[in-house]
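Work through the exercises below with the sequence and model open. Each task is followed by a stepwise solution.

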Amino acid sequence: MPPARWLVRSSKYVIETPWLRLRSDAVALPNGTVLDEYFVREARGFAIVFALTPERDVILVRQYKHGIGEVVLELPAGAIDPGETPVDCAVRELAEETGYASPHPLELVHTYVTDSTNSDSRFHVYLARDVVLAGAQDLDETEEIDVECVPLATLRAMLADGRFHVGAHVAAAYAALDRLAQL
């Protein structure tokens, strides 16, 4: 028999902004324990793009992330806007962050749960093939992004030695590499 679900007795939003929506639930656990404040971060999710050039280089972005206070190397990615589909988000973020575009429809590789303990968010991994530079970056006011192209073998080495280490992007890269190996 699977574990029982928690019973939500009440919910209220403690933060509601365009960037963060935080809900506080009062929940009753199956064993009778009551938690008056269990916080859940709500989100529309985000898309991550594994973009591959005709020369089989992977497009990466280097940017500052304030949450950890570091400059990190990632795949192009971004939050899904209201009314936007995950694939439309992926196409938009690839163009905005890098200026690259694919002449082919993007392929959904996998959808993952980001943090099952404290969030309802999911991220969607897309493979973009034969990407070419199609325009200039169109960055948000909070973004300063350097674009880097690395050969597939270099990305594999970066995954192995920890130079590429943001969790969701590591999962996305491995999933995309697995998809490419199947072809």
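**Ground rules.** The model is predicted: local features need pLDDT of at least 70, side-chain atom pairs count only at pLDDT 80 or more, and totals for chains, interfaces and linings use all residues. Residues are numbered from 1 along each chain as its sequence is written, and side-chain values use heavy atoms, with hydrogens and water left out.

**Exercise 1. Place helix α1 and list its buried residues.**

Step 1. Fix the element. Helices (H or I, at least four residues) and strands (E, at least two) are DSSP runs, numbered from the N terminus. Helix α1 covers residues 86–98 and lies across β5 and β12. Its direction is at about 75 degrees to β5. Axes are lines fitted to C-alpha atoms, for helices over the stretch in contact, and angles run from 0 to 180 degrees between N-to-C directions.

Step 2. Check the length. The 13 residues of α1 reach 18 Å from first C-alpha to last, close to the 18 Å expected at 1.5 Å a residue. The expected span is 1.5 Å times one less than the number of residues.

Step 3. Sort by burial. Buried means under 20% relative accessible area, exposed over 50%, partly exposed in between (1.4 Å probe, protein chains only). In α1 the buried residues are C89, A90, R92, E93, L94, E96, E97 and T98.

Step 4. Look past the end. G99, just after α1, has a positive phi of about 85 degrees.

**Exercise 2. Trace the three-stranded open sheet.**

Step 1. Read the order. It is β6-β5-β12, with antiparallel pairing. Two strands pair if DSSP finds at least two bridges between them.

Step 2. Find the edges. β6 (70–74) and β12 (146–151) each pair on one side only. From one strand to the next, the twist averages 30 degrees.

Step 3. Inspect one pair. β5 (residues 57–65) and β6 are antiparallel over five bridges. Opposite Q63 stands V72 in β6.

**Exercise 3. Which strands stand at the edges of the four-stranded sheet, and why does each have an open side?**

Step 1. The order is β7-β4-β10-β9, an open sheet with mixed pairing.

Step 2. The edge strands are β7 (77–79) and β9 (107–113); each has a single partner strand, so one side of each lacks a neighbour in the sheet. Neighbouring strands are turned by 20 degrees on average, direction ignored.

Step 3. β9 and β10 (residues 122–128) run antiparallel, joined by six bridges. V113 has R122 in β10 as its bridge partner. α1 packs on this sheet, touching β4 (46–51), β7 and β10.

Step 4. S121 sits in the loop between β9 and β10. S121 counts as buried because its relative accessibility is 4%. Beyond residues up to four places away in sequence, S121 touches A43, G45, F46, Y112, V113 and T114. Contact means heavy atoms within 4.5 Å.

**Exercise 4. How do α2 and α3 pack?**

Step 1. α2 (residues 152–161) and α3 (residues 167–182) meet at about 140 degrees, with their axes 11 Å apart.

Step 2. α2 is therefore oblique to α3. Angles under 35 degrees count as roughly parallel, over 145 as roughly antiparallel, 65 to 115 as roughly perpendicular and the rest as oblique.

Step 3. L152, L155, R156, L159 and A160 of α2 make the contact with V170, A173, Y174, L177 and L180 of α3.
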